[in-house]
Amino acid sequence: MRADAQVLKGHLDTLLLASLENGPRHGYAVKEALRAGSDARFDLPTGTIYPALRRLEAAGLLKGTWAEAGGRRRRTYELTPAGRRRLASDRIAWRDFASAVSAILEPAP
Amino acid sequence: MSALIDDYLAGLHRRLPAALAEEAAAGLLETYEHHLASGAGDQEAAHAALAEFGDLAIVAGEFTRQAPGRRAARLLLATGPVSGACWAAALILSRAWTWPVPATARLGFGAVLLLAVLALLAAATSRHNYQRTRLAMLASPVILTLDVTAVAAVVLAAPAPTLALRIAVAVSLGRIAFTAWTLPRLTAR
């Protein structure tokens, strides 16, 4: 659904940070994690994940390192302490927002 | 390998710095191989991978819009008018035209500042051309040097700096710190 893609795009930074919460991943694995975690509704052009990862790295939220795997050089990303803090605060903000919307859309009977 | 994929990879390398192109290329190849491994024919796998990955213009454009040089240039341009207004006010209040600064130095300073601002404008407004965002790598050190020159001139030459001059110096020191902090990020790989 188109709306899903728009909403996901608005939260891309948070989703990228969350996909790295349990350890370092390279770009393709980040993309796979987003697709699996969103029931394949994540239909942004996956090539745009790489510039977003670079931007988060420049902002000090991720740390990227080149690693050799299967004869191909790939760039692996991991959360920095600042990235972990940002993810934690984004998560709280999302829960507050989601519970406020739920309270309006699904009032208790 | 499919000619479609080859063309796309060549396009990435033509439009982006090597490290960025290499990273995106590895992602596209992995997508393509994933489709091949799940039984698709060569053409079919190439079309599926490219559809999933996004047009070259979209991907290269996104790298450009999120380039550190473009962001640094935008921040410098956004703070430029504040710094410029502070210096203009301070110099007018101090009757700077009576200072013993040679005309060539004044003109030189103005010309270098103008060129640096034009380079920053080009970097800040680039939407599809990554190379243009790299102008910020040239212009930022120039702006830094101009700020240092202006501060040094006041500290060394102004007999009793007015309050306005002190404010202008403080604004410039802030920009010097910011520019020095962003410079290593512009060249990071």
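This is a short tour of a predicted model, going through chain A, its contact with chain B, and then chain B itself.

**Stop 1: chain A as a whole**

Start by selecting chain A and colouring it by confidence. Its mean pLDDT is 87, with 91% of the residues at 70 or more. Now pick out residues 2-10 of chain A, which form helix α1: here confidence in the chain is lowest, with a mean of 64. Where pLDDT is low, the predicted coordinates should not be read in detail. For the other end of the scale, go to helix α5 of chain A, residues 81-105, where confidence is highest, at 94.

Switch to a cartoon view next. You should find five helices and three strands in chain A, and walking along the sequence you meet them in the order α-α-β-α-α-β-β-α. Along the principal axes, the C-alpha atoms of chain A occupy a box of roughly 60 × 30 × 20 Å. How much of chain A is buried? Of its 109 residues, 28% are. If you draw the contacts in chain A with a separation of 6 or more, 49% of them turn out to join residues 24 or more positions apart.

**Stop 2: the strands of chain A**

Select residues 72-79 of chain A, strand β3, and keep that strand in view for this stop. Which strands pair with it? One is strand β2 of chain A, residues 62-69, which runs antiparallel to β3(A) over eight bridges. Zoom in on A:W66 to see one of the pairings: its bridge partner in β3(A) is A:R75.

β2(A) and β3(A) make a hairpin with two residues between the strands. Click on A:G70 in this hairpin and check its backbone: phi is positive, near 60°.

The other partner is strand β1 of chain A, residues 25-26, again antiparallel to β3(A), over two bridges. To see this pairing, select A:H26, which has A:T76 of β3(A) as its bridge partner.

**Stop 3: where chain B meets chain A**

Bring chain B into view and show the contacts between the two chains. On the chain A side there are 16 residues, in contact with 19 residues of chain B. Which helices of chain B should you highlight here? Try α2 (18-37), α3 (42-53) and α4 (56-65), each of which supplies at least two residues to the side of chain B that touches chain A. The largest share comes from α2(B), with nine residues. Colour this side of chain B by residue class and you will find nine nonpolar, four polar and six charged residues.

**Stop 4: the two domains of chain B**

Now colour chain B by its domain assignment, which gives domain 1 as 3-63 and domain 2 as 67-187. The C-alpha centres of these two domains of chain B are 41 Å apart. Their contact involves seven residues of domain 1 and four residues of domain 2 of chain B. On the domain 1 side, α4(B) gives the most, with four residues. By class, that side of domain 1 of chain B has five nonpolar, one polar and one charged residues.

**Stop 5: B:L121**

For the last stop, centre on B:L121, which sits in helix α6 of chain B, residues 103-124. Why does B:L121 count as partly exposed? It has 15 C-beta neighbours inside 10 Å, and a buried residue needs 20 or more, an exposed one 12 or fewer. Finally, draw a distance from the C-alpha atom of B:L121 to that of B:E23: these residues are 98 apart along the chain, and the atoms are separated by 28 Å.

Notes:
Residues numbered from 1 in each chain as written. Chains lettered and ligands numbered in written order. Predicted model: local features only at pLDDT ≥ 70, side-chain atom pairs only at ≥ 80, totals over all residues. pLDDT = per-residue confidence, 0-100. Pairing = 2+ DSSP bridges. Nonpolar A, V, L, I, M, F, W, Y, C, P; charged D, E, K, R; others polar. Domains from an automatic or database assignment.
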